[in-house]
Every structure is written in structure tokens, then in C-alpha cells.
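Student: I should like to learn how to read a protein model, one feature at a time. Could you guide me through this one?

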Amino acid sequence: MKILAIGDVTSPAGVEHLKRNLWKFREKNKIDFCVVNGENASFITGISPELAEVLLRSGADCITGGNHTLRNKRAYTFLDDSREILRPINFGDGAPGKGYTILDACGYRILVINAMGRVHIDPILDSPFTYIDRALSEAEGQYDFAVLDIHAEATGEKMAVGYAYDGRINIVFGTHTHVQTADARSLPKGTGYITDLGMCGESDGILGMDSETVVMRMRSNLPYSFKASSGPCIANGAIFTLDTSSGKVTNVETVSF
């Protein structure tokens, strides 16, 4: 089984890029299941119901979120009602939406968990480990394979999550920092891992944002409003090849399209 994960969609233009290209990429690479982190699809204001629907129609089987997901209050009802759209599980039970789901692919039941780190990221949530453990316990016996999006700033924190669930969760990938890392691999017990998938959006800027504006903010400490970057869009991600007999990931390949 081949599972594709795509990094943070940074703007509506990134959504349009996937609308034009994702199904073709899936067909060419024989992708069986696709997870897209869409938390910035509305450009730093979470994800709107309309853009979420476009992503689902365009080839995303599941949309994960992050620290900006709940900034868009229009999405609250949508998050409550949808099986395919997640927000970080450690926002807690009182938050709109859900932190994990179980979806079908090729006759298998795929558990997808979305969690958020706590280091150098706002808001500071409860420990992701507690909530991930609870999700695995609650879903026990109801899924065949598990996938985890750990949305976090610190690379060490993401790696710690990967090793903590090596052999228990089949695929662990990091999101949030928008730069694809060079450590795609299988961990010792067979979990497919990468610290950060990268991003999907305009390429000529800083993390999907206009470079001049980012530099002015850093030089002056003044609150210049962020603007989307320019240039052609690109989608970064990784393809995880999962051996359905053993549950181990035999190959992790980074991709850009």
C-alpha cells in the first residue's frame, strides 16, 4: 500500500495547485491513500469549509490541522460533522471537531491521528503523548494501520514522538515548519518517519509568505501584515510504502510536484 502525505497548504493558491495536480499525481504513483495538512489553507486563518471541500474533491482522503485550525470559527460546525477533517487531538474534548478518525482504503481501516507539539508553539496544549495513547486505546481493534501527523515547531520533539511510537504507529510525519527535511526513513521497528513534509503553496518567498514583508517584520519588530508569496506553487510531501503483511514501512520517498 502506498500512502501519500502532503505538507502544510499555505494559501488558497496551494489548494488550487492540488486541485489541478493531485489526482494526476496519485494515478501516476499508484497512491492508495492521501493525507493533506490543510491548516493554513485560508492563509494563516485556518481552513474554510469551502477550501476543505475542494481539497477532499481533489484527492485528499483526510485533512489534518494545526495551531491555526480553530482560528476560523466558520469551520467549527464543519469540523464537528466531518469524518475526514481533523484538528490536533490535544486541544481537548471541549474543542470543536475531533483529533482522530478511521477511514477505509483498499479494504483496510486507516486510523489517522492529528496531534500538536508543545515546544515554541502557541497555544501551548497538553502533552500530545497522553492524547495519542488515549486514541490508540479507544480505537484498539477498530483499525488495521495507523498514521500520525505531529504538528510541531521543534525537530527534537517530532523525533521523540516518532521514536516513542516506533512499531506502534505505522507512519509518523511532522508538519508546521514548511521546510522538507532530509531524514525520511524507516525507524528501527518499522515505522515510516520524516521530521517535516514541507509545504504546498507559492514557492518564491519565506515559508509561503512574501519575503520582503517577513524581513521588514524581523528588522523593525513592527507588525507588518503578512502577505502570500508569489511565484509558482509546489507541493512537498512523502510517499510511504507500507507492507500490509508485516505492517512495516519498507520505503519512504520525499516528493515535490
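Tutor: Certainly. Please bear in mind that this is a predicted model. Let us begin with a single residue, Cys 233: at 19% relative accessibility, this residue counts as buried, because the cut-off for that word is under 20%.

Student: What is the relative accessible area of Cys 200, and is Cys 200 buried or exposed?

Tutor: The relative accessible area of Cys 200 is 0%, so Cys 200 is buried.

Student: How should I decide whether cysteines are joined, and how many disulfides are there here?

Tutor: The general idea comes first. A disulfide is a covalent bond between the sulfur atoms of two cysteines. To count as one here, the two sulfur atoms must lie within 2.5 Å. By this rule, the count is zero disulfides. Cys 200 is in no disulfide, and its nearest cysteine sulfur, that of Cys 233, is 6.5 Å away. Cys 233 is likewise in no disulfide; the nearest cysteine sulfur to it is that of Cys 200, at 6.5 Å.

Student: Let us turn to the strands. Which residues of strand 3 point one way, and which the other way?

Tutor: Phe 33, Val 35 and Asn 37 point one way from strand 3, while Cys 34 and Val 36 point the other way. The residues on both sides are buried.

Student: Why can strand 3 be described as largely enclosed by the rest of the structure?

Tutor: Strand 3 covers residues 33-37, and five of its five residues are buried, so the strand is largely enclosed by the rest of the structure.

Student: Which strands pair with strand 3, and in what sense?

Tutor: Strand 1, residues 2-6, pairs with strand 3 in the parallel sense over four bridges. Strand 3 also pairs with strand 4 in the parallel sense, over three bridges. Val 35 serves as a useful landmark: it is the bridge partner of Ala 5, and its bridge partner in strand 4 is Cys 62. Between these two strands, the chain crosses from strand 3 through helix 2 to strand 4, a right-handed β-α-β crossover.

Student: Where is Ser 58, and which residues does it touch?

Tutor: Ser 58 is in the loop between helix 2 (49-57) and strand 4 (62-64). Leaving aside residues up to four places away in sequence, Ser 58 touches Leu 18, Lys 19, Leu 22 and Trp 23. With a relative accessible area of 4%, Ser 58 is buried.

Student: How does one study a loop residue such as Leu 70?

Tutor: One may take its place, its accessibility and its contacts in turn. Leu 70 lies in the loop between strand 4 and helix 3 (76-81). Its relative accessibility is 14%, so Leu 70 counts as buried. Beyond residues up to four places away in sequence, its contacts include Tyr 76, Leu 79, Phe 91 and Ala 95. Leu 70 and Ala 95 are 25 residues apart along the chain, yet their C-alpha atoms are separated by 8.5 Å.

Student: What can be said of the whole protein chain, and how compact is it?

Tutor: The protein chain has six helices and 13 strands. Its radius of gyration is 17 Å, close to the 18 Å that the globule rule gives for 257 residues, so the chain is as compact as a globular protein of that length. Buried residues make up 57% of the 257 residues. Among contacts with a separation of 6 or more, 64% join residues 24 or more positions apart.

Notes
Residues numbered from 1 in each chain as written. Predicted model: local features only at pLDDT ≥ 70, side-chain atom pairs only at ≥ 80, totals over all residues. Heavy atoms only, no water. Buried < 20%, exposed > 50% of the residue type's maximum accessible area, 1.4 Å probe, protein only. Contact = heavy atoms within 4.5 Å. Pairing = 2+ DSSP bridges. Right-handed = clockwise from strand over helix to strand, strands pointing away. Rg over C-alpha atoms; globule rule 2.2 N^0.38 Å.
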